[in-house]
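Q: Please take a close look at one part of this protein, the strands and the nonpolar core that they help to form. A connected account would be preferred to a list.

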Amino acid sequence: MIKVREGGMIKLKNVMGKLIYSILIGIFLFTPGVSFSFGLEVEPGEINIENVPLGEEVAVSALGGKKMKLIIKNKSADTYNYSIDILATSQTSAPFNEGYIDIPDISWIYPENKEVRIEGGGSRVVELYVNIPQVKEYYGKKYQSVIEVKTKKNVPEDIFVLACQLKMLFSTLKGLDKEARNEIK
């Protein structure tokens with residue numbers, strides 16, 4: 001409690017309530033992968049795949065299994081539209097994992113659907129795809145990006161837009177045989 005003197009009288013203001021509210025908003029909006037109490041949950045908390053081939057479109061689940069598909073759960077009673085965006089890690093507050101560098105081009109990763117509609121209490125599974133150009137400098141690298149799932153406002157008067165971010169870490173194949181290397185840039 002803070003004492004505030006107004007017009008000769010001392011009044012107590014409860015700043016603790018505001019502080020706790022701010023902390024809770026920070027926890028739920030910036031905790032990777034989860035915003036439980038506000039109606040949004042995204043799984044997995046992190047996607048990590050290895051040996052991504054270059055020059056071809058590959059489903060992330062084909063490299064890391066079904067658990068590498070994006071699962072979006074609408075924990076509220078209302079129906080919402082959700083957008084799925086790929087971000088460079090440098091555009092977010094997410095720290096880099098050791099040995100990983102920022103993805104040079106976010107167009108390398110894309111969801112099956114950029115936007116999904118989910119009924120209240122429902123969920124949706126979304127496949128992610130990776131397509132890295134077949135360029136020598138991309139072989140044997142470890143890249144990091146961020147996937148952001150965000151609610152869209154149902155009406156302009158909606159106050160909150162919820163967002164969950166999860167890291168996507170991936171390494172590329174180390175290289176090709178000599179003949180194949182001569183065919184690429």
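A: The account below begins with the whole chain and then turns to the strands, the core and one loop residue. The model is a predicted one. The protein contains 3 helices and 15 strands, and 38% of its 185 residues count as buried. Its accessible surface comes to about 10900 Å², with 53% of that area belonging to carbon and sulfur atoms. Of the contacts between residues at least 6 apart in sequence, 71% join residues at least 24 apart.

Strand E11, residues 115–118, offers a clear starting point. In a regular strand, side chains alternate between the two faces of the sheet. Along E11, Val116 and Ile118 point to one face and are buried, while Glu115 and Arg117 point to the other face and are not buried. E11 pairs with strand E8, residues 80–88, in the antiparallel sense over 4 bridges. Within this pairing, Ile118 is the bridge partner of Tyr80.

E8 and E11 are among the elements that give two or more residues to the largest nonpolar core. This core has 34 residues, and those touching the most other members are Ile47, Ile49, Leu70, Ile72, Ile147, Met168 and Phe170. Other elements giving two or more residues include strand E5 (46–52), strand E7 (70–74), strand E14 (142–151) and strand E15 (163–172). In soluble globular proteins, nonpolar side chains tend to be buried together. Leu70 illustrates the reach of one core member: beyond four places in sequence, its contacts include Val42, Ile84, Val126, Leu128, Ile147, Val149 and Leu166. Glu43 and Arg124 are also among the residues that Leu70 touches.

Strand E13 also gives two or more residues to the core, and it belongs to an open sheet of 3 strands in the order E6-E13-E10, with antiparallel pairing. Strand E6 (58–59) and strand E10 (109–111) stand at the edges with a single partner strand each, so one side of each is left without a neighbour in the sheet. E6 is joined to E13, residues 128–130, by 2 bridges, and Tyr129 in E13 is the bridge partner of Ala59.

The loop between E8 and strand E9 (101–102) holds Thr89. Thr89 is buried, with a relative accessible area of 1%. Its side chain reaches the backbone oxygen of Gln144 at 3.3 Å. Apart from neighbours within four places in sequence, Thr89 is in contact with Ala94, Pro95, Phe96, Asp102, Gln144, Ser145 and Val146.

Conventions. Residues are numbered from 1 along each chain as its sequence is written. This is a predicted model: local features need pLDDT of at least 70, side-chain atom pairs count only at pLDDT 80 or more; totals for chains, interfaces and linings use all residues. Side-chain values use heavy atoms; hydrogens and water are left out. Two strands pair if DSSP finds at least two bridges between them. Buried means under 20% relative accessible area, exposed over 50%, partly exposed in between (1.4 Å probe, protein chains only). Contact means heavy atoms within 4.5 Å. Accessible areas come from the Shrake-Rupley method with a 1.4 Å probe; for residues, only the protein chains shown count as cover. A nonpolar core is a set of buried Ala, Val, Leu, Ile, Met, Phe, Trp, Tyr and Cys residues joined through side-chain atoms within 4.5 Å. A polar contact is a pair of N or O atoms within 3.5 Å; within protein, one must be able to donate a hydrogen and the other to accept it, and residues adjacent in sequence count only if both atoms are side-chain atoms.
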